[in-house]
Amino acid sequence: MSGFPRACVLGWPVSQSRSPLIHNHWLATYGIAGGYERAEITPADFEGFVRGLGAAGFVGGNVTVPHKEAAFRLVDEADASAADLGAVNTLWFEDGRLFGGNTDGVGFLANLDEAAPGWEGERKLAAVIGAGGAARAVAHALGKRGFERVAVVNRTREKAEAIAPLAGRAGVAGGLDDLWRFLPDADLVVNATSLGMAGKGALEVHLGELPERAVATDLIYVPLETPFLADARARGLRTVDGLGMLLHQAAPGFERWFGVRPEVTPELRALVVADIGS
Ligand code: NDP
């Protein structure tokens, strides 16, 4: 076991994760003797691995698909976001106890704050398309940010109904064909489906009802400009890709493990863009 602090990303599969690239860049930038590695752990082995995390020399880690809910059940204490979402993406130790947090929502908001200042408008309405794991964190974050309404629409309407309450009293739900009703009031529209990813079909929605002030954002970052964002840009709207969310959600974990609040710089972004392209 090495003497310097190490963290890891736990997933299955995990080869696609860009977290090692991000954290090792920060370690080098800040001159910290530490390490960050991939840990490909099956669901069957997950509990054992997490229980042995500290003994194996890890100061914590990130948790990705499909382990976020299992991680929530294993931590000694969860932060407020993880508790509301029932899902953990960041693990760390405090006084020997295992803590779990969820930074997806923080990353989502920080990306918009940085890339599209004023994106919230009057916080009247945010429309979230999709109701999977990522949409849960987004709806929750938008509710916390104080939007009057957070409209969650999804192909499977029941899933939208299940997650809309995560936005608190602001949450409303619908099917995909209800989207047009919400768009005229929307300050923000989010593609939180997996449609538009490289190799997948495009999300086909009509954005013509959106006001000019609206911002469109996608959680997908491969490709950086999805058909959804290209359509919004062609309509003259401001657009924000999903890469900044990935970078910003990583920062709180790095600070917990290595004691430095890292910056999301253009250099880091360029590094990940180059990796995506390779
Ligand atoms: P899930 O698999 O949990 O959810 C997928 C969503 O896409 C569901 O709402 C699903 O609808 C919808 N969907 C899939 N296929 C179709 C289709 N043919 N027509 C209509 N809707 C469809 O995925 P996640 O929530 O985990 O991730 C969603 C996206 O966000 C992914 O592309 C992921 O890479 C990205 N992401 C980005 C992050 C970042 O940091 N930038 C962080 C996390 C995720 P239904 O419920 O009806 O099946």
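**Exercise 1. Locate the cis peptide bonds in this predicted model, beginning with the one at Pro-223.**

Step 1. Pro-223 sits in the loop between β11 (215-218) and α9 (227-234). The bond leading into Pro-223 from Val-222 is cis, with omega near 5 degrees.

Step 2. Turn to Pro-13, in the loop between β1 (6-11) and α1. Trp-12 and Pro-13 are joined by a cis peptide bond, and omega is about 5 degrees.

**Exercise 2. Describe the backbone at Asp-95.**

Step 1. Find the residue: Asp-95 is in the loop between β5 (90-94) and β6 (97-101).

Step 2. Read phi. For Asp-95 the angle is near 50 degrees, a positive value in a residue other than glycine.

**Exercise 3. Classify the packing of helix α1 (residues 19-29) against helix α10 (residues 243-258).**

Step 1. Take the axes. They come within 10 Å and cross at roughly 50 degrees. Therefore α1 is oblique to α10.

Step 2. Assign the hand: the crossing of α1 past α10 is right-handed.

Step 3. List the contacts. From α1 come Ile-22, His-23, Trp-26 and Leu-27; they meet α10 residues including Leu-246, Ala-250, Phe-254 and Trp-257.

Step 4. Sort the contact residues by type. Ten are nonpolar, one is polar and none is charged.

**Exercise 4. Map the surroundings of the ligand.**

Step 1. Count the neighbours. The ligand is surrounded by 20 residues, and the closest are Ala-134, Asn-154, Thr-156, Lys-159 and Leu-219.

Step 2. Check backbone atoms. A polar backbone atom of Ala-134 is 2.8 Å from a ligand oxygen atom. For Ser-194, a backbone N or O atom lies 3.2 Å from an oxygen atom of the ligand.

Step 3. Check side chains. Arg-155 places a polar side-chain atom 2.9 Å from an oxygen atom of the ligand.

Notes: Residues are numbered from 1 along each chain as its sequence is written. This is a predicted model: local features need pLDDT of at least 70, side-chain atom pairs count only at pLDDT 80 or more; totals for chains, interfaces and linings use all residues. Side-chain values use heavy atoms; hydrogens and water are left out. Axes are lines fitted to C-alpha atoms, for helices over the stretch in contact, and angles run from 0 to 180 degrees between N-to-C directions. Helices (H or I, at least four residues) and strands (E, at least two) are DSSP runs, numbered from the N terminus. Angles under 35 degrees count as roughly parallel, over 145 as roughly antiparallel, 65 to 115 as roughly perpendicular and the rest as oblique. A crossing is left-handed if the near helix is turned anticlockwise from the far one by less than a right angle, and right-handed if clockwise. Contact means heavy atoms within 4.5 Å. Ala, Val, Leu, Ile, Met, Phe, Trp, Tyr, Cys and Pro count as nonpolar, Asp, Glu, Lys and Arg as charged, and the others, Gly among them, as polar. A residue is near a molecule or strand if one of its heavy atoms lies within 4 Å of it. A polar contact is a pair of N or O atoms within 3.5 Å; within protein, one must be able to donate a hydrogen and the other to accept it, and residues adjacent in sequence count only if both atoms are side-chain atoms.
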